[in-house]
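Student: I am new to this structure and would be grateful for a close look at a single part of it, set against the whole.

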Amino acid sequence: MDVMPLLLLVAGSAAVAAAARRSPVPAPLLLVAAGLAVSYVPGVPDYTLDPHIVLPLVLPPLLHTAATDSSYLDLRAQMRPVMLLSVGYVLFATFTVGWAAYLVVPDLPLTAALVLGAVVAPPDAVAATAVARRVGLPSRITTILQGESLVNDATAITAYRVALAAAVGEGATWAGGIGEFLLAALGGIGMGLVLMVPLHWLRTHVKEALLKNTLSLLIPFVAYAAAEQVHASGVLAVVVVALYLGHRAWEVDFATRLQEEAVWKMVAFVLESAVFALIGLQLPVVLKGLGEYEGGRAAWYAVAVFVVVVVSRFVWVYPATFLPRLLSARIREREDNPTWKGPFIISWAGMRGVVSLAIAFSIPLTVHGGEAFPERNLILFLTFTTVIGTLVVQGVTLPPLIRLLRLPGRDAQAETLAEANAQAQASRVAELRLEELLSDERNALPGPLADRLRAVLERRRNSVWERLGQANPVTGESVDDTYRRLSREVIGAERTVFVKLRDGRHIDDEMLRTLLRRLDLEEAAAYREAG
C-alpha cells in the first residue's frame, strides 16, 4: 500500500486549514477550492472517496467531537426545531428534490431520483457553525444548526437505503420503508442508551492514562459498529453516547479531560481538513463518467437541482418556525417571538458536505437484474455540483449576510458577568471547605502553604471580575493578558535554567522532562486562571 498520497492529503489539507485561520475565508471553503485547483495538477494521485472508509471511520469521530462539544441541556431546550430540521426537513427535501429531478431529467426513474434526493438532503453544518462562531450568531441559532448536523445524517442514510432498495428492485413498500426508518432510529437511540453508562463507567474507573485515551478514541467506533451490526443507526448511537459523556465529563479526572481535549482537537482538525479537501479532489472522478450528459445539459440539470435544494429549505424552515406558534398557546407563552431574520439565516446555512458525496459513491453499479444502475454517473455529478455550489455560494455569502441582517450576537459582557457570579459562589464554598480542612490537625500545613491555597482561591475569584475592568492605559493589555504574559516570562526563565543544567550534565534528561512537565502544568493553570 502506497501511503504517500495519504500523507500528502493530510499534510496539504492541514497546511491550507492553518492558512485559512489567517484569512477572512472560512477554512472549509478554502480547502474545497484548494482541492478543486489541485485535482488537475499533473502527477496528483486520484483520490476516490470511498464510502466504506468515510462512513464507518471518518464520520463517527467527527460526530463524537461535535456532540461532546455540544450542550445536552441546550439541545433539549431546542428539541422541536432540531427535530423538525433533522428529520422533517431531510424527508421533505428527499421527496422535493427527487420529484424535481424526475421532472427535469429525461429518462430518470422516480426511484433513482429519490435516491438523489436522499443523497443531497442532509446539510453539513460544520462550515455553517464555524462561520456562526466566527461572526457571533445568537447561541440559539448555533445550537439549532449543531443539533441538526448531529441527527440529519441518520435520517438521510435511512431514507437513502429505502429509496435504494426500490431503485435496485428489492420491492420496497411504504410500510417497509417506515418500518426500516423506525428500526434504524429507535435501534440507534436504544444502542446508545445501552452503551453510554458502561462506557462512562469505564472512563471513570480505568486508572492507566494510556488506556483511558485509547478508550476515548475507540468509543465512537464501538458505538457506530455495534448499532450497524443490528441494522440500527450508527450515527444516532454515536450521538447519544457522546452527548451523555460530554454532559458527565466533569466526573472524569482533570488529567484525562486535558489529554482528551488535546487529542480530540487534533483528530477533528485533521479529519475536517482532509474531508473538505477530498470534496474538491473528486472533480476528475465525477466528470470521468458523465458521457452523454457533458456540456450544457449537465450544467442545466446541476443548476436546477441546486436551486431546488436551496429553495426547498426556505419552504420548510419558515412554516416550521411560525406554524407551531400559531397552533400552540403553550409555545407562544414559553418562547420569544422569532423575527424573520433567524429563520432566514438557518435556511441559508444549509450547506452540503462530505456525507452526501460518500453516500452517492456507495450507489451500486448495477440493479438486481444485472442492468446498470440508472443514471448513476449523473447522480454523482449532481451531488458533487450541489455540494460545491452550496459551499461556495452560501458559504461565501453567509458572513456578510449575517452582518447585513445585524442579528444580535452573544453578549460578552453578560456572559462574563454570569461567569464571575458563578466563580464567586464556587469560591465562597471552596474557602469554607478549605478553612474546615485546615482546622483539622491531620491537615496541618505551614503558614506560607496555607496562605498560598487561600491566594489561589482569591486570584481565581477576582480574575473574572478583573476582566470587566479597563485595559492597561500604557500597554493596552487587559489584566488577563498581563497576567498571562508575566507568567510566561517567569516560567520561561525557569525553563531556560533547567535546560542549561541539563546541557551542563548537572541533571539528566529524565529529570529535565519531570521539571518541564511541572512548569507546563503551572503555565496551563495560570492561563486558565486568567480566563
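Student: Of the contacts in the protein with a separation of 6 or more, what percentage is accounted for by residues 24 or more positions apart? Please then describe helix α8 closely.

Tutor: The model is a predicted one. In the protein, residues 24 or more positions apart account for 80% of the contacts with a separation of 6 or more. The secondary structure consists of 22 helices and 0 strands. Of the 531 residues, 44% are buried, and the accessible surface comes to about 27,300 Å², with 64% of this area belonging to carbon and sulfur atoms.

Helix α8 covers residues 139-167, which makes 29 residues. At 1.5 Å a residue, the helix should span 42 Å, and its end C-alpha atoms lie 41 Å apart, so the expected and modelled spans agree. The helix nevertheless has a bend of about 35° at V151. Helix α8 is also mostly covered, since 24 of its 29 residues are buried. Just after the helix, G169 adopts a positive phi of about 95°.

A residue elsewhere may be added to this picture. R325 belongs to helix α14, which comprises residues 296-327. The relative accessible area of R325 is 10%; because this is under 20%, R325 counts as buried. Leaving aside residues up to four places away in sequence, R325 touches I331, R332, E335, D336, N337 and P338. With N337, the side chain of R325 forms a polar contact of 3.3 Å, side chain to side chain.

Conventions:
Residues are numbered from 1 along each chain as its sequence is written. This is a predicted model: local features need pLDDT of at least 70, side-chain atom pairs count only at pLDDT 80 or more; totals for chains, interfaces and linings use all residues. Side-chain values use heavy atoms; hydrogens and water are left out. Helices (H or I, at least four residues) and strands (E, at least two) are DSSP runs, numbered from the N terminus. Buried means under 20% relative accessible area, exposed over 50%, partly exposed in between (1.4 Å probe, protein chains only). A polar contact is a pair of N or O atoms within 3.5 Å; within protein, one must be able to donate a hydrogen and the other to accept it, and residues adjacent in sequence count only if both atoms are side-chain atoms. Contact means heavy atoms within 4.5 Å. The expected span of a helix is 1.5 Å times one less than its number of residues. The bend at a residue is the angle between axes fitted to the seven residues ending there and the seven starting there. Accessible areas come from the Shrake-Rupley method with a 1.4 Å probe; for residues, only the protein chains shown count as cover.
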